[in-house]
Amino acid sequence: MWADVIALRMLWENGRLGTGYFVVVVPASRRRVSVGWVPPLEVAGTELLRQFMSDHVPGVHVDPVEPWQDRFGEWHGELHEFDPAESIRSVRRAAVGRWVISIRVTGDGFQAVTSEATGRVVRESPVFADLPAATEAAIEQVRLARSDA
């Protein structure tokens, strides 16, 4: 079973099935995982689960922080669900692998910035007076990020 699992998420719920952390299994892309039901866990239960996973299935992440890379090399996160060029045009943020490309608003205009998940900036464009020029610079950074990946 663990061969098809890339992560576990623990979501806090206070609902009809109980109160606590519910374990959600995240399968690898295009795979199905049949799981049984686990009752909601208290904090002590989540710590035991984390320790078990660390000791016995270290490749399976527990509550990974986005963007994150699974053991098969695939990147995950909300921004990875959309085309990067379209994201940069509409929401001004995109992800390509471990890179996050965004358009910053500065006092003088707009700037395209590529950074790591930690926030460390790895690439910046000049500051542009208009948004379309900064968007084109960001699209170029998407292209460069794809070649780096």
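## A walk along strand β8 and beyond

In β8, Gln111 is the bridge partner of Arg104. That pair is a handy place to start looking around this predicted model. Arg104 and Gln111 show us one rung of a ladder: strand β7, residues 99-106, is joined to β8 by seven bridges, and the two strands run antiparallel. If you follow the chain from β7 into β8, you pass through a hairpin with two residues between the strands.

Now turn to the other neighbor of β8. Three bridges link β8 to strand β9, which covers residues 121-124, and this pairing is antiparallel as well. Here, too, you can pick out a pair to anchor your eye: Thr114 has Arg123 in β9 as its bridge partner. The hairpin of β8 and β9 has five residues between the strands, and Gly119 takes a positive phi near 100 degrees there.

How enclosed is β8 by the rest of the structure? Strand β8 spans residues 109-115, and because six of its seven residues are buried, it is largely enclosed. As you look along it, a general point about strands may help: in a regular strand, side chains alternate between the two faces of the sheet.

Thr114 is worth a closer look. This residue sits in strand β8, and its relative accessible area is 0%, so it counts as buried. What surrounds Thr114? Leaving aside residues up to four places away in sequence, Thr114 touches Trp99, Val100, Ile101, Arg120, Val121, Val122, Arg123 and Gln141. With Gln141 there is also a polar contact between the side chains, at 2.5 Å.

For a contrast, move to Leu48. You will find Leu48 in helix α1, which runs over residues 43-56. Is Leu48 buried or exposed? Its relative accessible area is 64%, and because exposed means over 50%, Leu48 belongs in the exposed class. You can also use Leu48 to get a sense of distance in the model: Leu48 and Pro132 lie 84 residues apart in sequence, and their C-alpha atoms are 51 Å apart in space.

Finally, let us go back toward the start of the chain. Strand β1, residues 5-15, and strand β2, residues 18-27, run antiparallel and are joined by 10 bridges. Within that pairing, Leu11 stands opposite Phe22 in β2. The two strands form a hairpin, with two residues between β1 and β2.

Key:
Residues are numbered from 1 along each chain as its sequence is written. This is a predicted model: local features need pLDDT of at least 70, side-chain atom pairs count only at pLDDT 80 or more; totals for chains, interfaces and linings use all residues. Side-chain values use heavy atoms; hydrogens and water are left out. Buried means under 20% relative accessible area, exposed over 50%, partly exposed in between (1.4 Å probe, protein chains only). Helices (H or I, at least four residues) and strands (E, at least two) are DSSP runs, numbered from the N terminus. Two strands pair if DSSP finds at least two bridges between them. A polar contact is a pair of N or O atoms within 3.5 Å; within protein, one must be able to donate a hydrogen and the other to accept it, and residues adjacent in sequence count only if both atoms are side-chain atoms. Contact means heavy atoms within 4.5 Å.
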